[in-house]
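The following paragraphs lead through one protein structure, from selected details to the whole. Please keep the sequence and the coordinates at hand while reading.

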Amino acid sequence: MTLTTPPADRVTSPERWHREICWVHGRLIVTGDLDEDVLAAIRQLRDWVAVGVTHIVDVRVEANDAELVAEYAPGVAYIWAGTHDAGGDQPDDWFGAVLDRLGSLWADGTLALDIGDSMIRIAIGFTIATLLAIPIGILIGTYPLAEAVVEPLVDFVRYMPVVGFVTLTIIWVGIGDPQKWTIVFIGTFFQEVLLVMDNVKRTPKELVDIGRTLGLRDRGLLASIVLRAASPGIWDTLRISLGWAWTWIVLAELVAATTGLGYRITVAKRYLQTDTIIGYLIVLGILGLITDQAMKAAGRQIGRAHV
């Protein structure tokens, strides 16, 4: 048995660490009296960042003071990732380990299933948000009265944290996919409304004046001048808000999900499977980049069509 010992300058009493705190077969065991030196060591454990620790099985604390155990036992999840002979040595090639993990998840179909389910949830929630946000944004960007009525309400909800709606959406719509769509909707809709409004209001006033001179009424001005001038900006708004949707899908899948990228990250976090967490973060980044570049390329085509 080899003790996992942090550097002496990081612990109040390294000798006491040797004697009373050890790492054995995937378990961090704290035994003996929890005096001030040991408590100081555990406090520091709580603040350290675990580096590549993926073999934690459980934590057992043996002490007489249940209150102290309850207070400090959670801190042992952050452990010093030293060397030990419990079968938990971490590979030097961490990136290779991440690729191996992603390869195994792809081979058994887990990764493909998670990607597909998350993309479907994003597509539905984002599409609903966009279909509602664009006309409302155009309306309040065109008519000052509509702006005065609607914008304060949108701003009011926009400043509410989306994470606060997770429990409410479960109560409102249940734990199925509609709850995930709703989280994506809430995270993107209100931002889109205001950004579309700004896109419309940036239409050059000179173009509007020319249209009125040519006899165009409100509907004609909106279709022939305002929308054509604002469409590239509106498309960029959709591209930006789609990036937010990739962030909100992780939050949406934290609770009451059985598949999805966010769900898999949550499960991996519970078992400190850092290779899975890093791999899925890379997958999220790649998927977000692909959709962003696709939207950007389509936006250039839209811009050329309106020159």
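Two aromatic pairs are found in the structure. In one of them, Phe185 and Phe189 are stacked, with 4.9 Å from centre to centre and 10 degrees between the planes. The model discussed here is a predicted one. Because Phe185 and Phe189 are four residues apart in helix 8, about one helical turn separates them. In the other pair, Phe189 and Phe190 meet edge-to-face, at 4.9 Å centre to centre and with 80 degrees between the planes. Ring pairs thus link Phe185, Phe189 and Phe190 into a cluster. As to their surroundings, Phe185 and Phe189 are both buried, and Phe190 is buried as well.

The helix that carries the stacked pair can be examined next. Helix 8 has 25 residues, which at 1.5 Å a residue should span 36 Å; the end C-alpha atoms of helix 8 are 36 Å apart, in agreement with that expectation. Where does helix 8 bend? The bend is at Phe185 and amounts to about 30 degrees. Phe185 is therefore a residue to look at twice, since it is also a partner of Phe189 in the stacked pair, four residues away in helix 8.

Helix 8 also leads to helix 6. The buried residues of helix 6 pack against helix 8 (177-201) and against helix 5 (110-142). Which residues of helix 6 are buried? They are Ala146, Glu147, Val154 and Asp155. Helix 6 comprises residues 144-158, and its 15 residues should span 21 Å at 1.5 Å a residue; the distance of 20 Å between its end C-alpha atoms agrees with this. A bend of about 35 degrees occurs in helix 6 at Val150, and a proline, Pro152, follows within four residues.

The other packing partner of helix 6, helix 5, contains Thr110. Is Thr110 buried or exposed? Its relative accessible area is 17%, and because buried means under 20%, Thr110 counts as buried. The side chain of Thr110 makes a polar contact with the side chain of Asp108, at 2.8 Å. When residues up to four places away in sequence are not counted, Thr110 touches Leu105, Arg264 and Tyr280.

A further local feature concerns the backbone. Most residues other than glycine have a negative phi. Leu272, although not a glycine, has a positive phi of about 50 degrees. Leu272 lies in the loop between helix 11 (261-270) and helix 12 (274-305). With a relative accessibility of 24%, Leu272 counts as partly exposed, because that class lies between 20% and 50%.

These details can now be set within the whole protein. The secondary structure comes to 12 helices and three strands. Of the 307 residues in the protein, 39% are buried. Among contacts between residues at least 6 apart in sequence, 72% join residues at least 24 apart. The protein exposes about 16700 Å², of which carbon and sulfur atoms supply 63%.

Terms used
Residues numbered from 1 in each chain as written. Predicted model: local features only at pLDDT ≥ 70, side-chain atom pairs only at ≥ 80, totals over all residues. Heavy atoms only, no water. Helix = DSSP H or I, 4+ residues; strand = E, 2+ residues; numbered from the N terminus. Expected span 1.5 Å × (residues − 1). Bend = angle between axes of the 7 residues up to and from the residue. Buried < 20%, exposed > 50% of the residue type's maximum accessible area, 1.4 Å probe, protein only. Contact = heavy atoms within 4.5 Å. Polar contact = N/O pair within 3.5 Å; in protein donor to acceptor, adjacent residues only side chain to side chain. Areas by Shrake-Rupley, 256 points an atom, 1.4 Å probe, with all protein chains shown as cover. Phe/Tyr/Trp six-rings, centres within 6.5 Å; stacked < 30°, edge-to-face > 60°.
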